[in-house]
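Open the model in your viewer and keep the sequence panel beside it. This tour tells you what to select next and what is there.

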Amino acid sequence: MSDSVALDPVDLHILRLLQNDARTTYRELAAEVGVAASTCLDRVARLRRSGVILGDQLRLDPAKLGRGLQALLLVQVRPHRRELIGPFVERIRSLPEARALFHLTGPDDYLVQVAVADAADLQRLVLDEFTARREVARVDTRLIFQQWECGPLLPPAAN
């Protein structure tokens with residue numbers, strides 16, 4: 001069973017535009033995609049109701065907020081059991097330094113993207129919030145030198 005939603009070219013065009021600038025007005029969207037503003041409003045509302053559009057986010061520059069160093073932490077949790085995973089995930093998600101958290105396959109169980117002030121702050125975070133936890137067996141740290149945003153997420157093209 002697939003959770004995908006049928007999208008036509010107008011829907012895809014609207015999604016492309018909103019992903020590039022979520023502040024685009026319905027009037028601007030409608031003019032760009034060639035439909036009436038009311039039609040555009042209805043389509044965006046349907047995309048929200050169907051769960052294609054999950055919400056709007058404000059992107060912030062971590063460096064301008066005093067968190068100029070970003071890193072990826074590969075975390076191994078042992079034993080890897082459900083009763084430990086829930087509290088671990090909730091704690092990591094609650095950290096102000098945490099930017100993204102991924103549950104993985106392979107030798108590492110989690111990938112955590114963090115933004116911190118500097119190397120000393122990263123060391124404090126790893127020691128106090130990760131390795132101090134009994135279930136964390138290992139943390140492998142990778143600094144992020146540069147990050148790029150990628151294009152809009154759209155469904156695969158039909159063949």
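Contact here means heavy atoms within 4.5 Å. Keep that cut-off in mind, because the stops below use it to say which residues touch. One caution before you start: this is a predicted model.

**Stop 1: the whole chain**

Show the protein chain as a cartoon. You should find five helices and four strands. Trace them from the N terminus: the order is α-α-α-β-α-β-β-α-β.

Now turn to the overall dimensions. The C-alpha trace spans about 55 × 40 × 30 Å along its principal axes. The radius of gyration of the chain is 20 Å, whereas a compact globule of 159 residues would have one near 15 Å.

Switch on the surface. The chain exposes about 11,100 Å², and carbon and sulfur atoms supply 53% of that area. Of the 159 residues, 30% are buried.

Colour the charges next. There are 21 positive and 21 negative ones, and their mean positions lie 2 Å apart.

How far apart in sequence are the residues that meet? Take contacts between residues at least 6 apart in sequence: 65% of them join residues at least 24 apart.

**Stop 2: strand E4**

Select residues 136–144, which form strand E4. Pick Ala 137 in this strand. Is Ala 137 buried, partly exposed or exposed? Its relative accessible area is 48%, so Ala 137 is partly exposed; the exposed class begins over 50%.

Show what surrounds Ala 137. Setting aside neighbours within four places in sequence, Ala 137 contacts Gln 76, Val 77 and Arg 78. Then draw a line from Ala 137 to Pro 62. These two are 75 residues apart along the chain, and their C-alpha atoms are separated by 29 Å.

Move to Arg 138, also in strand E4. Arg 138 has 30% relative accessibility, so this residue counts as partly exposed. Which residues does Arg 138 touch, not counting those up to four places away in sequence? They are Leu 74, Val 75, Gln 76, Pro 107 and Asp 108. Gln 76 is familiar: Ala 137 contacts that residue too.

Measure from Arg 138 to Pro 152. They are 14 residues apart along the chain, with 34 Å between their C-alpha atoms.

**Stop 3: a cis peptide bond**

Arg 78, a contact of Ala 137, leads to the next stop. Select Arg 78 and Pro 79 together. The peptide bond from Arg 78 to Pro 79 is cis, with omega near -5°. Pro 79 sits in the loop between strand E1 (69–77) and helix H4 (82–94).

**Stop 4: helix H3**

Select residues 37–49 to see helix H3, and pick Ala 37 in this helix. At 37% relative accessibility, Ala 37 is partly exposed. Beyond its neighbours within four places in sequence, Ala 37 contacts Tyr 26 and Ala 30.

Now find Asp 21. Ala 37 and Asp 21 are 16 residues apart in sequence, and 17 Å apart from C-alpha to C-alpha.

**Stop 5: two cysteines**

Select Cys 40 and Cys 150. Which is buried and which is exposed? Cys 40 has 0% relative accessibility, so Cys 40 counts as buried. Cys 150 has a relative accessible area of 70%, so Cys 150 is exposed.

How many disulfides does the whole structure hold? A search finds zero.

Notes: Residues are numbered from 1 along each chain as its sequence is written. This is a predicted model: local features need pLDDT of at least 70, side-chain atom pairs count only at pLDDT 80 or more; totals for chains, interfaces and linings use all residues. Side-chain values use heavy atoms; hydrogens and water are left out. A disulfide is a pair of cysteine sulfur atoms within 2.5 Å. Buried means under 20% relative accessible area, exposed over 50%, partly exposed in between (1.4 Å probe, protein chains only). Helices (H or I, at least four residues) and strands (E, at least two) are DSSP runs, numbered from the N terminus. The radius of gyration is taken over C-alpha atoms; the globule rule is 2.2 Å times the number of residues to the power 0.38. Accessible areas come from the Shrake-Rupley method with a 1.4 Å probe; for residues, only the protein chains shown count as cover. Lys and Arg count as positive and Asp and Glu as negative; His and the chain ends are not counted. The place of a charge is taken as NZ of Lys, CZ of Arg, CG of Asp or CD of Glu.
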